Amino acid sequence: MSELVQAHAVHRDDFGARLGMWLFLVTEMVLFGGLFIAYSYMRSTYPADFHHAGAELNATLGVTNTLVLLTSSLTVALSIVAIQRGDRLKSMAFLSASLLLGLTFLAIKATEWAAKFHHGLYPNAPHLATLPHGEQVFFGLYFTMTGLHGLHVIIGLGVLTYMLIQVARGRICQDRYVQLENAGLYWHLVDVIWIFLLPLFYLAA
Amino acid sequence: MSESALTSSAHDDGSVAHPGYGTFVKVWLALVILTGLLVLMSHFGQGSAVWGLLLITPVKAWLVFYFFMHLKYEGPLLKVVVLVTLGTMLIFFALLFSDVAFR
C-alpha cells in the first residue's frame, strides 16, 4: 500500500513543462522584438546610411552561418526523433553534431567581429565616431543584436552539452525526454532569431 | 529513408503521433532553398531585398516554429500563446509606425 502511494507521489507533467518553456520563449521573442522594432524605426529614419553600412558586412559569412545554424537545428530535431525511438547512441551523435555546428557558428562570428574591430568598428571606437550618425546607429544595433544572439548561442551550447550528458547517463530516455524537447525549443528559437538577423544586417546593402 | 513518416508512441498522453527523420530533413531542405531565394532576391536591388525580407523570412520562421518546435503536434493552448505574442508585437509595430508616419 505504501509503495503504491510512493509511486504515485512522483508528479510528472510534460505538457506543463513545455508550456513553461514556451512562456519563457515568449519573453525572449519580446526581448528581441523590441530590438527589431528599434531597427525598423532607425532604418526608416536613415535608409541611405543603413544601406551603406550594410555593405561593410560580409554577406558570405552571414549566409554560411545561416546554413550552419539551420543544420544544427535539424540535428537537434533529429536527436529527439532518435530518443523517441529509443536509439540513445544516434541521439547522442545528433546532439554532438549540433554542438560542433554551434561552435562553428561562434568561430565564424568571432572571425567576423575580429575583422570589424580591425577596421576600427567596435562600440565607442574613435573611427566609428567619425562616421555619419545613421551608420553609427547601424553598427550599434549590429553589435547589440548579434552580440545578444551570440550570448544565446553560448548559453544554448551549455544547455545542449548538459543534455548530451543526461542522454549518456540514461536520465533522458525513450519515455522521459521533455528536458531534451525544451532544450531543443530554446535552440530552435535562437535559430529563428538568426533567420531574421540575416536579411536585416547582412543582406541590407 | 525507409521508415514511415509517422510513428506512434506512448508518450505523455498516449495518442501523440511523432514525425520521423524524413519530415525534418524535408523541412530543413525547404529552409535551405528559401535562404537561397532570399539571397538571390537581395541581388536585384533594395526593393526586391525588402520584399524578400517581408515575404520569405516569416515563412522560414513559421517552418521552424511549426515543425522543428513541434507546434504542429501541440494542442491549441501553445499555438494561442505564440499567436498572442506575435499579435502584440505587430500592434507595437503598427503603433510605432502610425506615430512615425504622421510626424
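The expected span of a helix is 1.5 Å times one less than its number of residues. The exercises below apply to a predicted model.

**Exercise 1.** Determine how the end-to-end distance of helix α8 of chain A agrees with its expected span, and state how many of its residues are buried.

*Solution.* Step 1: α8(A) covers residues 178–202, which makes 25 residues. Step 2: at 1.5 Å a residue, the helix should span 36 Å. Step 3: the end C-alpha atoms are 35 Å apart, which agrees. Step 4: 23 of the 25 residues of α8(A) are buried, and the helix is thus mostly covered.

**Exercise 2.** Repeat the span test for α2 of chain A, and identify what covers its buried residues.

*Solution.* Step 1: the 32 residues of α2(A), 14–45, should span 46 Å, and the end C-alpha atoms are 46 Å apart, in agreement. Step 2: among the buried residues of this helix are Trp22(A), Phe32(A) and Tyr39(A), as well as Arg18(A) and Arg43(A). Step 3: the cover over the buried residues of α2(A) includes α3 (47–54), α7 (133–168) and α8 of chain A, together with α3 of chain B.

**Exercise 3.** Describe the side of chain B that touches chain A.

*Solution.* Step 1: 34 residues of chain B are in contact with 33 residues of chain A. Step 2: α1 (21–42), α2 (46–68) and α3 (76–101) of chain B each supply at least two residues of this side. Step 3: by class, the side of chain B has 23 nonpolar, 9 polar and 2 charged residues.

**Exercise 4.** Classify the exposure of His18(B).

*Solution.* Step 1: His18(B) lies in strand β2 (residues 17–19) of chain B. Step 2: a residue is buried at 20 or more C-beta neighbours within 10 Å and exposed at 12 or fewer. Step 3: His18(B) has 17 inside 10 Å and therefore counts as partly exposed.

Technical notes
Residues are numbered from 1 along each chain as its sequence is written. Chains are lettered from A and ligands numbered from 1 in the order in which they are written. This is a predicted model: local features need pLDDT of at least 70, side-chain atom pairs count only at pLDDT 80 or more; totals for chains, interfaces and linings use all residues. Two residues are in contact if their C-beta atoms, placed from the backbone, lie within 7 Å. Helices (H or I, at least four residues) and strands (E, at least two) are DSSP runs, numbered from the N terminus. Ala, Val, Leu, Ile, Met, Phe, Trp, Tyr, Cys and Pro count as nonpolar, Asp, Glu, Lys and Arg as charged, and the others, Gly among them, as polar.
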